[in-house]
Structures are given as structure tokens and as C-alpha cells.
Amino acid sequence: MEGEREILEEIALPERTGILGSKTYRNVSGKIVKTTRLIFCDNCGYRLDENKPIVICHACQKKLCSSHSCTFEYQRKNYCEEHIQQILPLTVHGFEILHCLVAEVNPSMVRELGHVTRDAQKDALNELLEAEYIEKKGISLLTIHRLLDRGILAWKTYASAYSHDGNVAHFESELANYLQERWMKHVSKRHT
Ligand SMILES: [Zn+2]
Ligand SMILES: [Zn+2]
């Protein structure tokens with residue numbers, strides 16, 4: 001490798017996806033050209049600091065920043081959004097339904113609180129049942145949906161990312177209001 005003194009031109013370029021960082025030296029008509037690749041998050045393009053530990057997707061080796069919408073942690077491993085969706089699939093509506101169940105609210109309330117149509121809610125419920133995030137108990141009108149451990153895990157994994165989604169943030173504040181009203185009713189009943 002040629003010494004630093006002989007480098008006449010230095011170029012900085014964005015590093016390719018899945019590569020941590022590289023430097024190349026080329027001899028261009030007798031002149032040494034050093035190319036340093038700068039690293040960016042392969043998902044959002046945010047410039048990464050080479051001096052800090054870099055998050056890598058366990059499945060595809062993409063470089064990721066620590067933002068909640070770029071890095072997802074599951075079983076002590078980090079994944080990009082595409083791969084966490086393969087391992088632990090969860091849609092926004094599915095997340096809202098799990099959120100209702102975590103708060104001990106009937107999942108049908110997602111229609112009112114999250115402005116979700118009846119069909120979209122039904123589809124999301126079926127997806128959650130298929131993924132074994134929830135289970136169905138009872139028959140016909142007495143059917144209730146119960147949260148399973150895997151559902152709690154999925155809800156936790158996506159909580160930070162989906163809370164930054166405008167619609168979910170709105171749903172969460174509507175749910176908080178609903179819970180507060182329910183609590184106030186409960187308290188006033190106890191005092192009369
Ligand atoms: Zn990022
Ligand atoms: Zn990945």
C-alpha cells in the first residue's frame with residue numbers, strides 16, 4: 001500500500017448497502033486516489049458515526065441507525081423493518097387491536113378510537129389469530145379475544161416504531177381519553 005504522502009486526491013462516497021465501511025486506493029494516471037466510503041443508515045439514510053457501535057440486521061446485514069423505525073430488537077438480536085416483519089408480522093391495525101387488549105379494552109373499540117372500518121378490523125383480528133398473537137374463547141355472541149404471550153411480544157417490539165405513526169398516535173390519545181372517562185365513571189359510581 002502506498003504511503004499517505006503519495007495520496008494526491010481523496011474522495012468520499014456513500015458506502016454500499018450491507019458493507020460496514022471501506023477505503024480503496026487506485027492509481028489513476030500516476031496519481032494515487034484514495035476513496036473513503038462514508039456510512040449511512042441503509043434504511044433512512046442518516047449518517048452513522050464510525051466511532052460508535054453500528055447496528056446490523058441479523059438477517060440481511062444492513063447497517064442501521066438506532067431510530068425506532070429502523071432498528072427492531074427481537075430475542076436479543078437486531079433486525080431491519082423488512083426482516084422483523086418476516087419474523088414477527090404486525091400491521092398498524094393489528095398493533096392497535098393488541099394495544100386495546102393490553103389496556104383491557106374490547107378490540108371492537110378500535111373501530112371508534114382508531115377510525116378503522118368493520119372489515120379492516122375483522123381482517124386484522126384474523127391476522128392476529130393466525131399469527132397466534134391472540135386466541136378466541138367462547139362461541140358466537142359470547143366470543144372474547146385473549147392476548148397471548150407472543151402477542152405481547154409483538155406489541156412490545158413495534159410499540160416505539162408505531163407510536164411515531166400519525167394515525168397510531170391519534171388512536172393512542174383517543175384510547176387514553178376513553179380510559180380516563182371509564183375510570184372517572186368507575187370512581188363516581190363508587191362514591192354514590
Ligand atoms: Zn435509520
Ligand atoms: Zn434485514
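## Loops, hairpins and a helix pair in a two-domain model

Glu132 is placed in the loop that runs between helix 4 (118–130) and strand 8. In this predicted model, Glu132 has a positive phi of about 60° although it is not a glycine. Most residues other than glycine have a negative phi. Glu132 counts as exposed because 12 C-beta neighbours lie inside 10 Å, and a residue with 12 or fewer is classed in that way.

### The hairpin of strands 8 and 9

Beyond this loop, strand 8 (residues 134–137) pairs with strand 9 (residues 144–147) in the antiparallel sense, over four bridges. The two strands form a hairpin with six residues between them, and Gly138, which belongs to the turn, has a positive phi of about 80°. Within the pairing, Ile134 stands opposite Leu147 of strand 9, while Glu135 has Arg146 of strand 9 as its bridge partner.

Glu135, which lies in strand 8, can be described further by its surroundings. When residues up to four places away in sequence are not counted, Glu135 touches Arg146 and Leu148, so that Arg146 appears both as a contact and as the bridge partner of Glu135. Is Glu135 buried or exposed? Glu135 is partly exposed, because 13 other C-beta atoms lie within 10 Å, a count between the limit of 12 or fewer for an exposed residue and that of 20 or more for a buried one. Computed along the chain, Glu135 and Ala154 are 19 residues apart, and in space they are 14 Å apart, C-alpha to C-alpha.

### The hairpin of strands 2 and 3

Strand 2 (23–28) and strand 3 (31–38) are joined by a loop in which Ser29 is found. These strands pair in the antiparallel sense over six bridges, and Asn27 stands opposite Ile32 of strand 3. Their hairpin has two residues between the strands, and Ser29 takes a positive phi near 40° there. Ser29 is exposed because 5 other C-beta atoms lie within 10 Å, where 12 or fewer is the limit for that class. Ser29 and Lys136 are 107 residues apart in sequence and 72 Å apart in space, C-alpha to C-alpha.

### The loop between strands 4 and 5

Ala59 has its place in the loop between strand 4 (55–56) and strand 5 (63–64), and Gln61 is likewise placed in the loop between strand 4 and strand 5. Gln61 has a positive phi of about 65°, although it is not a glycine. With residues up to four places away in sequence left out, Ala59 touches Tyr79 and His83. Ala59 and His83 are 24 residues apart in sequence, and their C-alpha atoms are 6.7 Å apart in space.

The table sets out the exposure of residues from the loops and from strand 8.

| Residue | C-beta neighbours within 10 Å | Class |
|---|---|---|
| Ser29 | 5 | exposed |
| Ala59 | 15 | partly exposed |
| Gln61 | 13 | partly exposed |
| Glu132 | 12 | exposed |
| Glu135 | 13 | partly exposed |

### Helix 2 against helix 5

Two packed helices are described by the angle between their axes and the distance between the axes. Helix 2 (residues 92–102) and helix 5 (residues 149–163) pack at an angle of about 115°, and their axes are 10 Å apart. Helix 2 passes helix 5 in a left-handed crossing. Which residues make the contact? Helix 2 contributes Val92, Phe95, Leu98, His99 and Val102, and helix 5 contributes Gly151, Ala154, Trp155, Tyr158 and Tyr162. Sorted by class, the contact of helix 2 with helix 5 has eight nonpolar residues, two polar residues and no charged residues.

### The two domains

The domain assignment of the protein gives domain 1 as 4–84 and domain 2 as 88–190. The centres of domain 1 and domain 2, taken over C-alpha atoms, are separated by 38 Å. The contact takes five residues from domain 1 and five residues from domain 2. On the side of domain 1 that touches domain 2, the residues divide into three nonpolar, two polar and no charged.

Technical notes:
Residues are numbered from 1 along each chain as its sequence is written. Chains are lettered from A and ligands numbered from 1 in the order in which they are written. This is a predicted model: local features need pLDDT of at least 70, side-chain atom pairs count only at pLDDT 80 or more; totals for chains, interfaces and linings use all residues. Two strands pair if DSSP finds at least two bridges between them. Domain bounds come from an automatic or database domain assignment. Two residues are in contact if their C-beta atoms, placed from the backbone, lie within 7 Å. Ala, Val, Leu, Ile, Met, Phe, Trp, Tyr, Cys and Pro count as nonpolar, Asp, Glu, Lys and Arg as charged, and the others, Gly among them, as polar. Axes are lines fitted to C-alpha atoms, for helices over the stretch in contact, and angles run from 0 to 180 degrees between N-to-C directions. A crossing is left-handed if the near helix is turned anticlockwise from the far one by less than a right angle, and right-handed if clockwise.
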